[in-house]
Amino acid sequence: MRGIRLPLFGLGSLFLWAFIVLPDLAAGPMTADPNGFYGFQWGALLADVQDLIKVESGEHIQKYELKQGPPKVGDAVVDSLRFVTFDGQFARVTIHYHGAQTHNTIMVHLESLLGPIDRTPGAMMRGLSQQFTWRGPQSEINLTYDGIQERGYIFIENRTLAPRFNDSIPE
């Protein structure tokens, strides 16, 4: 029995280590924190911005989209780009896109603005499911790309305001 428990404990420790440590391997230090998105600073009031239209509204959360033109990240046209406020304060951007070429264009753009992704051995750069994170003092950018369906999702958040979204979830 002891011989069985020790390897299981060791295997469990390995999974715990992988769960805690590996997600940070694809994290890159942010060279320049954008402190917002599309020229809007975190915490800004978006309700009166002429270039945006409100597309969804709840008790605490409002979502806005650009009025003009297709939404873009750098040179890449994306499927949707939403600015999200919590109690009126700009806190998050959600972006959805599709296609391997769009993904590659977005990655080049983000790395040019935010800094290179950690490419040490073990970091997830290629594969069916890719996840990248940049963390700065004000902002956190998380990009997830599903290579099978060729769909990508980006969350750009203020590190102070975004946790409020979780606080508003009823228990």
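**Close-up 1. Ser139 and Asn158 face each other where β11 pairs with β12.** In this predicted model, Ser139 stands opposite Asn158 in β12, and the two strands run antiparallel, joined by eight bridges. Follow the chain around the hairpin and you pass four residues between the strands, with Glu150 taking a positive phi near 55°. β11 covers residues 139-146, and six of its eight residues are buried, so the rest of the structure largely encloses this strand.

**Close-up 2. On β10, β11 has another antiparallel partner.** Here the pairing with β10 (residues 129-135) runs over seven bridges. Look for Gln130, which stands opposite Tyr145 in β11. The connection is again a hairpin, this time with three residues joining β10 to β11.

**Close-up 3. Asn142 is a buried polar residue in β11.** Its relative accessibility comes out at 16%, and the cut-off for buried is under 20%, so Asn142 counts as buried. The side chain has a partner, though: a polar contact of 2.9 Å joins Asn142 to the side chain of Thr133. Setting aside neighbours within four places in sequence, Asn142 is in contact with Phe132 and Thr133, and also with Tyr153, Ile154 and Phe155.

**Close-up 4. Tyr97 and Tyr145 stack on each other.** The ring centres of this pair sit 6.2 Å apart, with 5° between the planes. Tyr97 belongs to β9 and Tyr145 to β11, so the stack ties together parts of the chain that are 48 residues apart in sequence. Both rings are tucked away: Tyr97 is buried at 2% relative accessibility, and Tyr145 is buried at 4%. The whole structure has eight aromatic pairs. Elsewhere, ring pairs link Phe37, Tyr38, Phe40, Trp42, Phe83 and Phe90 into a cluster.

**Close-up 5. The largest nonpolar core counts 28 residues.** Nonpolar side chains tend to be buried together in soluble globular proteins. In this core, the residues with the most contacts inside it are Phe83, Ile95, Ile106, Trp134, Leu143 and Ile154. At least two core residues come from each of β8, β9, α2 (100-114), β10, β11 and β12. Ile154 is a good place to zoom in: neighbours within four places in sequence aside, this residue is in contact with Val93, Thr94, Ile95, Tyr97, Ile106, Leu110, Ile141, Asn142 and Leu143. Apart from the 28-residue core lies another core, made of six residues, among them Ala91, Leu161, Ala162 and Phe165.

**Close-up 6. Arg92 and Glu157 make a buried salt bridge.** Side chains of opposite charge can pair when their charged atoms come close. The closest N and O atoms of Arg92 and Glu157 are 2.6 Å apart. This pair links distant parts of the chain, with Arg92 in β9 (residues 89-98) and Glu157 in β12 (residues 151-158), 65 residues apart. Both Arg92 and Glu157 are buried. The structure holds five salt bridges.

**Close-up 7. Glu56 forms salt bridges with Lys63 and with Arg82.** For Lys63 and Glu56, the closest N and O atoms are 3.7 Å apart. For Glu56 and Arg82, the corresponding distance is 3.5 Å. Glu56 lies in β4 (residues 52-57) and Arg82 in β8 (residues 80-86), so this pair ties together parts 26 residues apart in sequence. None of these three residues is fully tucked away: Lys63 is partly exposed at 23% relative accessible area, Glu56 is partly exposed at 39%, and Arg82 is partly exposed at 25%. Add Glu65 to the view and you have the whole network, with salt bridges linking Glu56, Lys63, Glu65 and Arg82.

**Close-up 8. β4 and β5 form a hairpin.** Three residues sit between the two strands. β5 covers residues 61-66, and β4 pairs with it in the antiparallel sense over five bridges. To get your bearings, find Leu52: its bridge partner in β5 is Leu66.

Technical notes: Residues numbered from 1 in each chain as written. Predicted model: local features only at pLDDT ≥ 70, side-chain atom pairs only at ≥ 80, totals over all residues. Heavy atoms only, no water. Salt bridge = Lys/Arg side-chain N within 4 Å of Asp/Glu carboxyl O. Buried < 20%, exposed > 50% of the residue type's maximum accessible area, 1.4 Å probe, protein only. Pairing = 2+ DSSP bridges. Polar contact = N/O pair within 3.5 Å; in protein donor to acceptor, adjacent residues only side chain to side chain. Contact = heavy atoms within 4.5 Å. Core = buried A, V, L, I, M, F, W, Y, C linked by side-chain atoms within 4.5 Å. Phe/Tyr/Trp six-rings, centres within 6.5 Å; stacked < 30°, edge-to-face > 60°.
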